[in-house]
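Q: Please take a close look at one part of this chain and explain how that part sits against the rest.

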Amino acid sequence: MDFAACFEKSRHLLLDGAQELFCSDPEELAAHMAALEQIQPLKIFGGCCGTDSSHMQAIAKKLSGQ
């Protein structure tokens, strides 16, 4: 079974006119991704608005057991 998980703080329609974007905590996102990986092995990890390379690095570190 394939699925996509998505968590958004704001709807895309609200983001179009936003003056600032929500930025999530990289370690918190990594912890959530690791928990999800325990339930259902994932092939692709990523983010959306408010995520950057620090988030991807935290996910990689968490999943590699570092």
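A: **A close look at helix 3**

Alanine 60 lies in helix 3, the element examined here. With a relative accessible area of 46%, alanine 60 is partly exposed, because that value falls between the 20% limit for buried residues and the 50% limit for exposed ones. Its C-alpha atom is separated by 9.6 Å from that of alanine 34, although the two residues are 26 apart along the chain.

Some context helps before going further. The model is a predicted one, and its confidence varies along the chain: the mean pLDDT is 78, with 70% of the residues reaching 70 or more. Confidence is highest in helix 3, at 92, and lowest in helix 1 (residues 12-15), at a mean of 63. Where pLDDT is low, the predicted coordinates should not be read in detail. The chain holds three helices and zero strands, which follow one another as α-α-α from the N terminus on.

Helix 3 itself covers residues 53-63, and its buried residues are His55, Ala58 and Ile59. Viewed down the axis of helix 3, these buried residues fall within an arc of 100°, so they line one face of the helix. The general geometry is helpful here: an α-helix has 3.6 residues a turn, so residues three or four places apart point the same way. On the face of helix 3 turned away from the buried side are the exposed residues Ser53 and Gln57. Just after helix 3 comes glycine 65, which takes a positive phi of about 85°.

The partner of this buried face is helix 2 (26-39), against which the buried residues of helix 3 pack. Helix 2 has 14 residues and reaches 20 Å from its first C-alpha to its last, close to the 20 Å expected at 1.5 Å a residue. The buried residues of helix 2 are Pro26, Leu29, Ala30, Met33 and Ala34. Seen down the axis of helix 2, they fall within an arc of 135°, so they too line one face of their helix. These buried residues of helix 2 pack in turn against helix 3, while the face of helix 2 turned away from its buried side carries the exposed residues His32, Gln38 and Ile39.

Side chains from both helices meet in the largest nonpolar core, whose five residues are Leu29, Ala30, Met33, Ala58 and Ile59. Helix 2 and helix 3 each supply at least two residues of this core, and the largest share, three residues, comes from helix 2. In soluble globular proteins, nonpolar side chains tend to be buried together. From the side of helix 3, isoleucine 59 touches Leu29, Ala30 and Met33, and also Phe45, when residues up to four places away in sequence are not counted.

Histidine 55, which is also found in helix 3, has a set of contacts that deserves its own description. At 1% relative accessibility, histidine 55 counts as buried, since the limit for that class is under 20%. Leaving aside its neighbours within four places in sequence, histidine 55 is in contact with Cys23, Ser24, Asp25, Pro26, Leu29 and Gly50. Among these partners, Pro26 and Leu29 also belong to the buried residues of helix 2.

One of the contacts of histidine 55, Gly50, leads to another pairing across the sequence. Glycine 50 and glutamate 20 are 30 residues apart in sequence and 9.8 Å apart in space, C-alpha to C-alpha. Glutamate 20 is found in the loop between helix 1 and helix 2, and at 69% relative accessibility it counts as exposed.

The chain as a whole gives the setting for these details. Among its contacts between residues at least 6 apart in sequence, 68% join residues at least 24 apart. Buried residues make up 15% of the 66 residues in the chain. The chain exposes about 5,500 Å², of which carbon and sulfur atoms supply 55%.

Key:
Residues numbered from 1 in each chain as written. Predicted model: local features only at pLDDT ≥ 70, side-chain atom pairs only at ≥ 80, totals over all residues. Heavy atoms only, no water. Helix = DSSP H or I, 4+ residues; strand = E, 2+ residues; numbered from the N terminus. Buried < 20%, exposed > 50% of the residue type's maximum accessible area, 1.4 Å probe, protein only. Contact = heavy atoms within 4.5 Å. Areas by Shrake-Rupley, 256 points an atom, 1.4 Å probe, with all protein chains shown as cover. Arc of directions from axis to C-beta. pLDDT = per-residue confidence, 0-100. Core = buried A, V, L, I, M, F, W, Y, C linked by side-chain atoms within 4.5 Å. Expected span 1.5 Å × (residues − 1).
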